[in-house]
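Visitor: I should be grateful for a close look at a single part of this molecule, with its surroundings described in some detail. Please begin with one residue and proceed outward from there.

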Amino acid sequence: SLPPVEAICHGVPVIASDIDAHRELIAGCAQLLDPSDGIAWKDAILDVAWRPEKRDALKLKTKDFVPRSWTTFVADCVHYGT
């Protein structure tokens, strides 16, 4: 399993790279950032560490997360012809 998915399942606020896998699995439940934007990463980490309202808002995004199962993934692939 992917660590960001596991973290979200436990209600942990997640900051992750904006890559295809993360967009597919955790978009809307995490803050996704350009992996090469060091300033954005620094700002996001400091926000979560020092601003409870930012941390709580990001944590709230994890509330309704439902991880995809292999069955769901395969069904989506068949449905979309991939």
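**A histidine and its surroundings**

Guide: His22 counts as buried because its relative accessibility is 12%, below the 20% cut-off for that class. The model under discussion is predicted. The residue belongs to helix α2, which covers residues 20–26. When residues up to four places away in sequence are left aside, His22 touches Pro4, Ala16, Ser17, Ala27 and Leu32.

One of these contacts, Ala16, leads directly to the nonpolar core. Ala16 is a member of the largest nonpolar core, which numbers 9 residues in all. The other members are Val5, Ala7, Ile8, Val14, Ile26, Cys29, Ala30 and Phe65. Helix α1, spanning residues 3–9, provides the largest share of this core, with 3 residues.

Phe65 deserves attention within this group. With residues up to four places away in sequence again excluded, Phe65 touches Val5, Ile8, Cys9, Leu25, Ile26 and Cys29. Among these partners, Val5, Ile8, Ile26 and Cys29 are themselves listed in the core.

A further packing arrangement involves two other helices. Helix α3 (residues 38–50) and helix α4 (residues 52–60) have axes that come within 5 Å and cross at roughly 100°. The two helices are therefore roughly perpendicular to each other, since angles of 65 to 115 degrees fall in that class. On the α3 side, the contact is formed by Asp47, Val48, Ala49 and Trp50. These residues meet Pro52, Lys54, Arg55 and Leu58 of α4. Sorted by class, the contact of α3 with α4 comprises 5 nonpolar and 3 charged residues, and no polar ones.

The wider setting may now be given. The secondary structure of the protein chain amounts to 5 helices and 2 strands. Read from the N terminus, its elements follow the order α-β-α-β-α-α-α. Along the principal axes, the C-alpha atoms fill a box of roughly 45 × 25 × 20 Å. The protein chain has 82 residues, of which 22% count as buried, and His22 belongs to that buried class. About 5,800 Å² of the protein chain is exposed, and carbon and sulfur atoms supply 61% of that area. Of the contacts between residues at least 6 apart in sequence, 43% join residues at least 24 apart.

Terms used. Residues are numbered from 1 along each chain as its sequence is written. This is a predicted model: local features need pLDDT of at least 70, side-chain atom pairs count only at pLDDT 80 or more; totals for chains, interfaces and linings use all residues. Side-chain values use heavy atoms; hydrogens and water are left out. Axes are lines fitted to C-alpha atoms, for helices over the stretch in contact, and angles run from 0 to 180 degrees between N-to-C directions. Helices (H or I, at least four residues) and strands (E, at least two) are DSSP runs, numbered from the N terminus. Angles under 35 degrees count as roughly parallel, over 145 as roughly antiparallel, 65 to 115 as roughly perpendicular and the rest as oblique. Contact means heavy atoms within 4.5 Å. Ala, Val, Leu, Ile, Met, Phe, Trp, Tyr, Cys and Pro count as nonpolar, Asp, Glu, Lys and Arg as charged, and the others, Gly among them, as polar. A nonpolar core is a set of buried Ala, Val, Leu, Ile, Met, Phe, Trp, Tyr and Cys residues joined through side-chain atoms within 4.5 Å. Buried means under 20% relative accessible area, exposed over 50%, partly exposed in between (1.4 Å probe, protein chains only). Accessible areas come from the Shrake-Rupley method with a 1.4 Å probe; for residues, only the protein chains shown count as cover.
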